[in-house]
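Subject: Handover of a structure and a summary of what it contains

Dear colleague,

Please find below the structure that I am passing on to you. A short account of what was found in it follows.

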Amino acid sequence: MRGFLASSIGVTCAAALALPLTPPAAATAARSAPSAEAVVPGSTQSLPLTPLGVDRSLGSASVQGLPRRDVHRFSMVGVVWDDPDTALHGSVQVRARALDSGTWSPWQDVETHYGDDGADPDTAERSSGRVRGATAPLWVGDSDGVEVRVRAGAETREVGATPTALPSGLRLELVDPGEAALPQGSPAGGPRARGGLGVEAPEAVAASAANAGLAPLGALEIPALDRAQTERELFALRAGELTESQRVKPFIGPRPKIVTRRGWGADESLREKKFVYTKKVKAAFVHHTATGNGYRCSQAPSVIRGIYRYHVRSMGWRDIGYNFLVDKCGKIYEGRAGGVAKAVLGAHTLGFNTNSMGIAVLGSFGYTRPSSAAVKAIARLTAWKLGLYGANPRGKTYLKSGGGNLYRKGTKVRLNVISGHRDGFSTACPGAQLYRKLGSARSTAARYQGR
(Lines give C-alpha, C1' and ligand atoms only; values in the text may rest on other atoms or scores of the structure.)
Protein backbone atom coordinates (compact mmCIF):
# COMPACT_ATOMS: atom_id res chain seq x y z
CA MET A 1 0.00 0.00 0.00
CA ARG A 2 1.81 3.06 -1.20
CA GLY A 3 2.02 5.88 1.35
CA PHE A 4 1.63 9.39 -0.02
CA LEU A 5 3.62 11.12 2.73
CA ALA A 6 7.37 10.76 3.02
CA SER A 7 7.00 10.76 6.78
CA SER A 8 4.70 7.74 6.80
CA ILE A 9 5.27 5.69 9.90
CA GLY A 10 6.30 2.09 9.26
CA VAL A 11 5.02 -0.32 11.89
CA THR A 12 4.85 -3.89 12.88
CA CYS A 13 6.66 -5.68 10.25
CA ALA A 14 9.46 -8.17 11.02
CA ALA A 15 11.49 -11.00 12.34
CA ALA A 16 12.34 -13.28 9.47
CA LEU A 17 12.46 -17.00 9.95
CA ALA A 18 15.75 -18.00 8.41
CA LEU A 19 15.64 -21.59 7.30
CA PRO A 20 18.59 -23.37 5.70
CA LEU A 21 19.34 -21.48 2.51
CA THR A 22 19.86 -22.98 -0.90
CA PRO A 23 23.43 -22.41 -2.04
CA PRO A 24 23.79 -20.05 -5.02
CA ALA A 25 23.61 -21.69 -8.41
CA ALA A 26 23.97 -20.21 -11.85
CA ALA A 27 20.88 -20.33 -14.02
CA THR A 28 21.29 -23.10 -16.56
CA ALA A 29 19.09 -24.72 -19.15
CA ALA A 30 19.26 -28.03 -17.31
CA ARG A 31 18.09 -27.32 -13.75
CA SER A 32 18.99 -29.51 -10.82
CA ALA A 33 16.09 -29.72 -8.41
CA PRO A 34 16.80 -29.43 -4.66
CA SER A 35 16.74 -32.74 -2.83
CA ALA A 36 13.32 -33.90 -1.68
CA GLU A 37 14.57 -34.22 1.89
CA ALA A 38 15.39 -30.48 1.99
CA VAL A 39 11.94 -29.32 0.91
CA VAL A 40 9.73 -28.57 3.90
CA PRO A 41 6.10 -27.76 3.00
CA GLY A 42 5.18 -24.53 4.72
CA SER A 43 8.51 -22.75 5.08
CA THR A 44 10.32 -19.45 4.64
CA GLN A 45 13.67 -18.96 2.95
CA SER A 46 15.33 -15.73 4.10
CA LEU A 47 18.14 -14.58 1.81
CA PRO A 48 20.32 -11.49 2.45
CA LEU A 49 20.48 -9.03 -0.41
CA THR A 50 23.87 -7.86 -1.67
CA PRO A 51 25.04 -4.71 -3.52
CA LEU A 52 24.57 -4.93 -7.28
CA GLY A 53 26.21 -1.59 -8.08
CA VAL A 54 24.88 1.82 -9.05
CA ASP A 55 21.90 2.52 -11.30
CA ARG A 56 23.18 5.14 -13.76
CA SER A 57 19.63 6.07 -14.75
CA LEU A 58 19.11 7.25 -11.17
CA GLY A 59 22.41 9.05 -10.81
CA SER A 60 24.19 7.73 -7.73
CA ALA A 61 21.29 5.58 -6.49
CA SER A 62 22.42 2.30 -5.01
CA VAL A 63 21.00 -1.06 -6.01
CA GLN A 64 20.81 -4.24 -3.95
CA GLY A 65 19.42 -7.59 -4.89
CA LEU A 66 20.14 -11.14 -5.92
CA PRO A 67 21.11 -12.39 -9.37
CA ARG A 68 19.18 -15.32 -10.81
CA ARG A 69 19.47 -18.37 -8.60
CA ASP A 70 17.90 -21.72 -7.88
CA VAL A 71 15.94 -21.95 -4.64
CA HIS A 72 13.57 -24.31 -2.94
CA ARG A 73 9.93 -24.15 -3.95
CA PHE A 74 8.02 -20.97 -3.01
CA SER A 75 4.87 -19.12 -4.11
CA MET A 76 5.07 -15.73 -2.40
CA VAL A 77 7.89 -13.21 -2.16
CA GLY A 78 8.62 -10.03 -0.21
CA VAL A 79 11.52 -7.96 1.10
CA VAL A 80 12.10 -7.12 4.77
CA TRP A 81 14.61 -4.95 6.63
CA ASP A 82 15.72 -4.26 10.19
CA ASP A 83 13.93 -1.08 11.29
CA PRO A 84 10.13 -0.97 10.97
CA ASP A 85 10.22 2.82 11.40
CA THR A 86 12.37 3.24 8.28
CA ALA A 87 10.58 3.53 4.94
CA LEU A 88 11.99 2.06 1.75
CA HIS A 89 12.02 4.92 -0.75
CA GLY A 90 12.59 3.36 -4.14
CA SER A 91 11.45 0.33 -6.06
CA VAL A 92 11.49 -3.43 -5.59
CA GLN A 93 11.18 -5.74 -8.59
CA VAL A 94 11.27 -9.53 -8.77
CA ARG A 95 11.30 -12.25 -11.39
CA ALA A 96 10.37 -15.83 -10.65
CA ARG A 97 10.87 -19.08 -12.56
CA ALA A 98 7.73 -21.23 -12.81
CA LEU A 99 8.17 -24.64 -11.26
CA ASP A 100 6.21 -26.52 -13.92
CA SER A 101 7.46 -24.86 -17.11
CA GLY A 102 10.84 -23.44 -16.14
CA THR A 103 9.83 -20.11 -17.71
CA TRP A 104 10.99 -16.87 -16.14
CA SER A 105 8.33 -14.22 -15.53
CA PRO A 106 8.76 -10.58 -16.56
CA TRP A 107 9.92 -8.17 -13.88
CA GLN A 108 7.09 -7.52 -11.42
CA ASP A 109 6.79 -4.53 -9.07
CA VAL A 110 6.41 -5.20 -5.36
CA GLU A 111 4.47 -2.69 -3.25
CA THR A 112 7.08 -1.02 -1.04
CA HIS A 113 4.88 0.88 1.45
CA TYR A 114 3.40 -1.73 3.78
CA GLY A 115 4.07 -0.16 7.17
CA ASP A 116 0.64 1.48 7.16
CA ASP A 117 -0.76 -1.98 7.85
CA GLY A 118 0.10 -3.08 11.35
CA ALA A 119 -0.42 -2.73 15.07
CA ASP A 120 -0.82 0.69 16.65
CA PRO A 121 2.22 2.49 18.10
CA ASP A 122 3.00 1.70 21.75
CA THR A 123 1.00 -1.53 21.75
CA ALA A 124 2.52 -4.80 22.96
CA GLU A 125 2.47 -6.22 19.44
CA ARG A 126 4.23 -3.20 17.98
CA SER A 127 6.85 -2.98 20.74
CA SER A 128 7.64 -6.70 20.90
CA GLY A 129 11.13 -6.20 19.45
CA ARG A 130 10.41 -8.71 16.69
CA VAL A 131 8.86 -6.42 14.08
CA ARG A 132 10.64 -5.49 10.88
CA GLY A 133 10.07 -3.15 7.98
CA ALA A 134 8.64 -4.88 4.92
CA THR A 135 7.17 -4.63 1.47
CA ALA A 136 3.83 -6.20 0.71
CA PRO A 137 4.08 -9.89 -0.17
CA LEU A 138 3.57 -10.73 -3.86
CA TRP A 139 1.96 -13.96 -5.04
CA VAL A 140 3.96 -15.45 -7.94
CA GLY A 141 2.70 -19.07 -7.92
CA ASP A 142 4.79 -22.21 -7.60
CA SER A 143 8.37 -21.25 -8.42
CA ASP A 144 11.91 -22.55 -7.91
CA GLY A 145 14.05 -19.68 -9.18
CA VAL A 146 14.22 -16.00 -8.29
CA GLU A 147 15.92 -12.72 -9.16
CA VAL A 148 15.40 -9.43 -7.31
CA ARG A 149 16.59 -5.84 -7.51
CA VAL A 150 15.96 -3.02 -5.06
CA ARG A 151 16.69 0.51 -6.26
CA ALA A 152 16.97 3.50 -3.96
CA GLY A 153 14.72 6.46 -4.70
CA ALA A 154 14.00 9.93 -3.36
CA GLU A 155 11.55 10.71 -0.54
CA THR A 156 9.69 13.14 -2.82
CA ARG A 157 8.87 13.20 -6.50
CA GLU A 158 10.40 16.63 -7.01
CA VAL A 159 12.67 16.97 -10.03
CA GLY A 160 16.30 16.65 -8.98
CA ALA A 161 15.52 15.14 -5.56
CA THR A 162 18.42 13.11 -4.22
CA PRO A 163 17.88 9.36 -3.72
CA THR A 164 17.96 8.23 -0.10
CA ALA A 165 19.92 5.32 1.32
CA LEU A 166 18.27 1.92 1.31
CA PRO A 167 17.26 0.51 4.71
CA SER A 168 19.79 -1.72 6.43
CA GLY A 169 19.41 -5.47 6.69
CA LEU A 170 17.52 -6.05 3.43
CA ARG A 171 16.48 -9.68 3.00
CA LEU A 172 14.40 -11.52 0.44
CA GLU A 173 11.64 -13.66 1.94
CA LEU A 174 10.49 -16.63 -0.15
CA VAL A 175 7.34 -18.16 1.31
CA ASP A 176 6.06 -21.65 0.65
CA PRO A 177 2.51 -21.66 2.09
CA GLY A 178 2.57 -25.47 2.25
CA GLU A 179 -0.48 -27.65 2.38
CA ALA A 180 -3.48 -27.20 4.63
CA ALA A 181 -2.62 -28.27 8.17
CA LEU A 182 -3.71 -31.79 9.10
CA PRO A 183 -4.43 -32.94 12.66
CA GLN A 184 -1.33 -34.52 14.17
CA GLY A 185 -1.27 -38.22 13.41
CA SER A 186 -4.21 -37.99 10.99
CA PRO A 187 -3.93 -39.37 7.43
CA ALA A 188 -5.12 -37.40 4.43
CA GLY A 189 -8.87 -37.77 4.07
CA GLY A 190 -9.19 -38.44 7.79
CA PRO A 191 -10.89 -36.30 10.43
CA ARG A 192 -9.96 -32.98 8.82
CA ALA A 193 -11.70 -33.83 5.56
CA ARG A 194 -14.87 -34.51 7.53
CA GLY A 195 -14.52 -31.28 9.49
CA GLY A 196 -13.83 -32.91 12.86
CA LEU A 197 -10.89 -32.71 15.22
CA GLY A 198 -8.48 -35.61 15.45
CA VAL A 199 -5.35 -35.52 17.58
CA GLU A 200 -5.02 -31.76 17.62
CA ALA A 201 -2.61 -29.22 19.06
CA PRO A 202 -4.06 -27.00 21.83
CA GLU A 203 -3.69 -23.88 19.65
CA ALA A 204 -5.83 -25.44 16.91
CA VAL A 205 -8.49 -26.49 19.41
CA ALA A 206 -8.55 -22.99 20.92
CA ALA A 207 -8.88 -21.28 17.52
CA SER A 208 -11.83 -23.50 16.63
CA ALA A 209 -13.43 -23.20 20.07
CA ALA A 210 -13.42 -19.39 19.73
CA ASN A 211 -16.31 -19.88 17.29
CA ALA A 212 -18.29 -22.10 19.66
CA GLY A 213 -22.01 -21.56 19.20
CA LEU A 214 -21.56 -20.68 15.54
CA ALA A 215 -20.20 -23.99 14.27
CA PRO A 216 -19.11 -27.39 15.63
CA LEU A 217 -15.60 -27.80 16.98
CA GLY A 218 -13.26 -28.44 14.06
CA ALA A 219 -15.65 -27.06 11.41
CA LEU A 220 -14.14 -26.05 8.10
CA GLU A 221 -16.74 -23.33 7.64
CA ILE A 222 -19.37 -21.41 9.56
CA PRO A 223 -22.65 -21.85 7.68
CA ALA A 224 -24.83 -19.02 6.46
CA LEU A 225 -28.03 -18.20 8.34
CA ASP A 226 -31.27 -16.61 7.24
CA ARG A 227 -32.50 -13.38 8.86
CA ALA A 228 -34.65 -15.02 11.53
CA GLN A 229 -31.83 -17.37 12.56
CA THR A 230 -29.38 -14.48 12.65
CA GLU A 231 -31.64 -12.41 14.90
CA ARG A 232 -32.00 -15.35 17.32
CA GLU A 233 -28.22 -15.71 17.32
CA LEU A 234 -27.82 -11.99 18.02
CA PHE A 235 -29.97 -12.27 21.14
CA ALA A 236 -28.03 -15.33 22.25
CA LEU A 237 -24.60 -13.78 21.70
CA ARG A 238 -25.20 -10.24 22.95
CA ALA A 239 -28.41 -10.33 25.00
CA GLY A 240 -26.99 -8.30 27.87
CA GLU A 241 -25.44 -5.64 25.64
CA LEU A 242 -28.29 -4.78 23.28
CA THR A 243 -30.05 -1.43 23.48
CA GLU A 244 -33.80 -1.26 23.79
CA SER A 245 -34.11 -0.18 20.15
CA GLN A 246 -31.99 -3.16 19.06
CA ARG A 247 -34.27 -5.48 20.96
CA VAL A 248 -37.34 -4.03 19.29
CA LYS A 249 -35.83 -3.85 15.80
CA PRO A 250 -32.43 -5.49 15.35
CA PHE A 251 -30.79 -4.10 12.23
CA ILE A 252 -28.52 -6.93 11.22
CA GLY A 253 -27.82 -8.71 7.96
CA PRO A 254 -28.07 -12.49 7.63
CA ARG A 255 -24.84 -14.16 8.67
CA PRO A 256 -22.80 -15.11 5.57
CA LYS A 257 -20.87 -18.33 5.15
CA ILE A 258 -17.33 -17.94 6.48
CA VAL A 259 -14.40 -20.29 5.89
CA THR A 260 -12.69 -20.86 9.23
CA ARG A 261 -8.96 -20.77 9.87
CA ARG A 262 -9.14 -24.54 9.91
CA GLY A 263 -10.89 -24.40 6.54
CA TRP A 264 -8.05 -22.46 4.88
CA GLY A 265 -5.43 -24.57 6.62
CA ALA A 266 -3.88 -22.26 9.21
CA ASP A 267 -0.89 -23.69 11.07
CA GLU A 268 -1.91 -22.51 14.52
CA SER A 269 1.57 -23.17 15.94
CA LEU A 270 2.88 -20.10 14.07
CA ARG A 271 0.88 -17.44 15.92
CA GLU A 272 0.98 -16.30 19.51
CA LYS A 273 -1.26 -18.43 21.69
CA LYS A 274 -3.38 -15.77 23.37
CA PHE A 275 -6.26 -13.90 21.75
CA VAL A 276 -6.45 -10.12 22.18
CA TYR A 277 -9.74 -8.23 22.02
CA THR A 278 -10.96 -4.66 21.79
CA LYS A 279 -14.25 -3.46 23.30
CA LYS A 280 -16.53 -3.30 20.27
CA VAL A 281 -16.64 -2.97 16.49
CA LYS A 282 -17.66 0.55 15.51
CA ALA A 283 -16.11 0.62 12.03
CA ALA A 284 -14.80 -1.60 9.25
CA PHE A 285 -11.67 -0.66 7.26
CA VAL A 286 -11.45 -2.14 3.77
CA HIS A 287 -8.03 -3.05 2.34
CA HIS A 288 -6.46 -4.78 -0.60
CA THR A 289 -3.62 -7.19 0.12
CA ALA A 290 -1.47 -5.81 -2.76
CA THR A 291 -0.42 -9.40 -3.48
CA GLY A 292 -1.36 -9.18 -7.17
CA ASN A 293 -4.31 -10.61 -9.07
CA GLY A 294 -2.68 -13.67 -10.61
CA TYR A 295 -4.35 -16.28 -8.43
CA ARG A 296 -7.25 -18.64 -9.02
CA CYS A 297 -10.07 -18.83 -6.50
CA SER A 298 -9.02 -22.40 -5.73
CA GLN A 299 -5.62 -20.98 -4.71
CA ALA A 300 -7.06 -18.43 -2.27
CA PRO A 301 -6.42 -20.61 0.82
CA SER A 302 -2.77 -20.94 -0.25
CA VAL A 303 -2.50 -17.17 -0.75
CA ILE A 304 -3.92 -16.61 2.74
CA ARG A 305 -1.54 -19.16 4.28
CA GLY A 306 1.29 -17.30 2.55
CA ILE A 307 0.16 -13.91 3.90
CA TYR A 308 -0.24 -15.43 7.37
CA ARG A 309 3.27 -16.89 7.36
CA TYR A 310 4.73 -13.65 5.98
CA HIS A 311 2.98 -11.51 8.61
CA VAL A 312 4.12 -13.73 11.47
CA ARG A 313 7.49 -15.17 10.48
CA SER A 314 8.87 -12.46 8.24
CA MET A 315 7.31 -9.30 9.70
CA GLY A 316 7.06 -10.34 13.35
CA TRP A 317 3.35 -9.89 13.97
CA ARG A 318 1.47 -12.02 16.47
CA ASP A 319 -0.95 -13.37 13.82
CA ILE A 320 -2.26 -12.44 10.39
CA GLY A 321 -3.17 -8.76 10.55
CA TYR A 322 -6.64 -8.73 8.95
CA ASN A 323 -9.81 -9.84 10.74
CA PHE A 324 -11.34 -11.16 7.50
CA LEU A 325 -10.25 -11.78 3.93
CA VAL A 326 -12.33 -11.98 0.74
CA ASP A 327 -11.33 -13.60 -2.56
CA LYS A 328 -12.31 -12.59 -6.09
CA CYS A 329 -15.12 -15.16 -6.13
CA GLY A 330 -16.72 -13.58 -3.06
CA LYS A 331 -15.76 -16.24 -0.52
CA ILE A 332 -15.20 -14.89 3.00
CA TYR A 333 -12.41 -16.19 5.25
CA GLU A 334 -11.75 -15.85 8.96
CA GLY A 335 -8.56 -13.89 9.59
CA ARG A 336 -6.96 -13.20 12.96
CA ALA A 337 -7.86 -15.85 15.52
CA GLY A 338 -10.25 -15.17 18.38
CA GLY A 339 -13.75 -15.73 16.99
CA VAL A 340 -15.51 -14.20 13.99
CA ALA A 341 -18.37 -12.76 16.09
CA LYS A 342 -16.03 -11.19 18.64
CA ALA A 343 -14.18 -7.86 18.67
CA VAL A 344 -10.73 -9.27 17.89
CA LEU A 345 -7.95 -6.66 17.91
CA GLY A 346 -6.32 -6.71 14.48
CA ALA A 347 -3.21 -5.15 12.94
CA HIS A 348 -4.55 -3.63 9.73
CA THR A 349 -4.93 0.15 9.99
CA LEU A 350 -2.10 1.88 11.82
CA GLY A 351 -3.64 4.11 14.47
CA PHE A 352 -7.20 2.79 14.20
CA ASN A 353 -7.17 -0.89 15.17
CA THR A 354 -9.06 -0.27 18.42
CA ASN A 355 -12.84 -0.74 18.12
CA SER A 356 -12.63 -1.61 14.43
CA MET A 357 -12.16 -4.56 12.10
CA GLY A 358 -10.12 -4.97 8.94
CA ILE A 359 -11.37 -6.66 5.78
CA ALA A 360 -8.82 -7.37 3.06
CA VAL A 361 -9.73 -8.30 -0.50
CA LEU A 362 -7.09 -10.57 -2.05
CA GLY A 363 -5.50 -8.70 -4.94
CA SER A 364 -4.28 -5.29 -6.08
CA PHE A 365 -6.87 -2.70 -7.10
CA GLY A 366 -5.02 0.45 -8.04
CA TYR A 367 -5.90 -0.09 -11.71
CA THR A 368 -7.90 -3.33 -11.69
CA ARG A 369 -11.58 -3.31 -10.81
CA PRO A 370 -12.65 -5.64 -7.99
CA SER A 371 -15.18 -8.30 -8.89
CA SER A 372 -18.83 -7.65 -8.10
CA ALA A 373 -18.75 -10.85 -6.03
CA ALA A 374 -16.01 -9.41 -3.80
CA VAL A 375 -17.86 -6.11 -3.31
CA LYS A 376 -21.06 -7.99 -2.47
CA ALA A 377 -19.15 -10.12 0.04
CA ILE A 378 -17.89 -6.97 1.79
CA ALA A 379 -21.51 -5.79 2.06
CA ARG A 380 -22.76 -9.14 3.39
CA LEU A 381 -19.98 -9.41 5.93
CA THR A 382 -20.27 -5.85 7.24
CA ALA A 383 -24.08 -6.03 7.38
CA TRP A 384 -23.75 -8.95 9.78
CA LYS A 385 -20.66 -8.09 11.83
CA LEU A 386 -21.45 -4.38 12.24
CA GLY A 387 -25.04 -5.37 13.01
CA LEU A 388 -23.83 -7.39 15.99
CA TYR A 389 -22.64 -4.11 17.50
CA GLY A 390 -25.51 -1.89 16.34
CA ALA A 391 -23.53 0.01 13.69
CA ASN A 392 -25.17 1.49 10.60
CA PRO A 393 -23.11 0.79 7.45
CA ARG A 394 -24.22 4.13 5.96
CA GLY A 395 -23.46 6.04 9.14
CA LYS A 396 -20.54 7.90 10.70
CA THR A 397 -18.64 7.11 13.88
CA TYR A 398 -15.79 8.50 15.97
CA LEU A 399 -12.54 6.66 16.60
CA LYS A 400 -9.55 7.86 18.62
CA SER A 401 -6.28 7.82 16.72
CA GLY A 402 -3.46 5.74 18.15
CA GLY A 403 -0.99 7.74 16.04
CA GLY A 404 -0.27 7.84 12.33
CA ASN A 405 0.61 10.12 9.44
CA LEU A 406 -2.85 11.68 9.08
CA TYR A 407 -3.98 12.12 12.69
CA ARG A 408 -1.95 12.67 15.83
CA LYS A 409 -2.30 10.25 18.71
CA GLY A 410 -5.37 11.01 20.81
CA THR A 411 -7.27 12.84 18.04
CA LYS A 412 -10.95 11.91 17.79
CA VAL A 413 -11.68 11.37 14.12
CA ARG A 414 -15.09 11.22 12.43
CA LEU A 415 -15.10 8.39 9.89
CA ASN A 416 -17.51 6.44 7.74
CA VAL A 417 -18.58 3.25 9.49
CA ILE A 418 -17.31 1.47 6.37
CA SER A 419 -14.07 3.26 5.49
CA GLY A 420 -11.15 2.61 3.22
CA HIS A 421 -7.70 2.22 4.69
CA ARG A 422 -6.74 5.58 3.17
CA ASP A 423 -9.36 7.31 5.33
CA GLY A 424 -7.29 6.60 8.44
CA PHE A 425 -3.78 6.72 6.98
CA SER A 426 -2.18 8.43 4.00
CA THR A 427 -1.94 5.47 1.66
CA ALA A 428 -3.25 4.30 -1.68
CA CYS A 429 -4.88 1.25 -0.06
CA PRO A 430 -7.38 -0.23 -0.87
CA GLY A 431 -6.58 0.95 -4.38
CA ALA A 432 -8.55 3.54 -6.33
CA GLN A 433 -10.77 0.99 -8.06
CA LEU A 434 -11.86 -0.75 -4.84
CA TYR A 435 -12.17 2.50 -2.89
CA ARG A 436 -14.69 3.88 -5.36
CA LYS A 437 -16.89 0.81 -4.76
CA LEU A 438 -17.26 1.46 -1.02
CA GLY A 439 -20.32 3.65 -1.52
CA SER A 440 -22.07 0.72 -3.16
CA ALA A 441 -20.93 -1.59 -0.34
CA ARG A 442 -22.35 0.79 2.28
CA SER A 443 -25.78 1.09 0.68
CA THR A 444 -26.00 -2.65 0.01
CA ALA A 445 -24.95 -3.52 3.56
CA ALA A 446 -27.55 -1.14 4.97
CA ARG A 447 -30.20 -2.77 2.80
CA TYR A 448 -29.14 -6.22 4.04
CA GLN A 449 -29.62 -4.91 7.58
CA GLY A 450 -33.17 -3.86 6.74
CA ARG A 451 -32.53 -0.11 6.87
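I begin with a cavity: the second largest one has a volume of about 40 Å³. A search of the whole structure finds 2 cavities of 30 Å³ or more. Please bear in mind throughout that this is a predicted model.

The lining of the second largest cavity is formed by Asn-323, Phe-324, Glu-334, Arg-336, Gly-339, Val-340, Lys-342, Val-344 and Lys-385. By character, these lining residues comprise 4 charged, 3 nonpolar and 2 polar ones.

As to confidence, the protein has a mean pLDDT of 86, with 83% of its residues at 70 or more. Two stretches call for caution in reading. Over residues 1–40 the pLDDT stays under 50, although the model has 129 contacts beyond four places in sequence for them. Residues 184–195 also have a pLDDT below 50, and this stretch has 24 contacts in the model beyond near neighbours in sequence.

I turn next to strand E3, which covers residues 62–81. Of its 20 residues, 16 are buried, so E3 is largely enclosed by the rest of the structure. Which strands does E3 pair with? Three pairings may be set out in turn:

- With strand E7 (residues 138–152), E3 pairs in the antiparallel sense over 9 bridges. Within this pairing, Val-148 of E7 stands opposite Leu-66.
- With strand E8 (residues 171–176), E3 is joined by 5 bridges, and the two run antiparallel. Here Met-76 has Val-175 in E8 as its bridge partner.
- With strand E6 (residues 133–134), E3 forms an antiparallel pair over 2 bridges. In this case Gly-133 in E6 is the bridge partner of Trp-81.

As general background, side chains in a regular strand alternate between the two faces of the sheet.

Finally, I would draw your attention to one residue in a helix. Glu-203 is found in helix H2, which spans residues 202–209. Is Glu-203 buried or exposed? Its relative accessible area is 16%, and a residue under 20% counts as buried, so Glu-203 is buried. Leaving aside residues up to four places away in sequence, Glu-203 touches Glu-268, Arg-271 and Lys-273.

I hope that this account serves as a useful starting point for your own reading of the structure.

With kind regards

How values were computed
Residues are numbered from 1 along each chain as its sequence is written. This is a predicted model: local features need pLDDT of at least 70, side-chain atom pairs count only at pLDDT 80 or more; totals for chains, interfaces and linings use all residues. Side-chain values use heavy atoms; hydrogens and water are left out. pLDDT is the predictor's confidence in each residue, from 0 to 100. Contact means heavy atoms within 4.5 Å. Buried means under 20% relative accessible area, exposed over 50%, partly exposed in between (1.4 Å probe, protein chains only). Helices (H or I, at least four residues) and strands (E, at least two) are DSSP runs, numbered from the N terminus. Two strands pair if DSSP finds at least two bridges between them. On a 1 Å grid over the protein atoms alone, a cavity is a set of points where a 1.4 Å probe fits but cannot get out, and a pocket is an open set with protein on both sides within 12 Å along at least five of seven lines; lining residues have an atom within 4 Å of a point. Grid points are joined across faces, edges and corners, and a volume is the space filled by probe spheres set on the points. Ala, Val, Leu, Ile, Met, Phe, Trp, Tyr, Cys and Pro count as nonpolar, Asp, Glu, Lys and Arg as charged, and the others, Gly among them, as polar.
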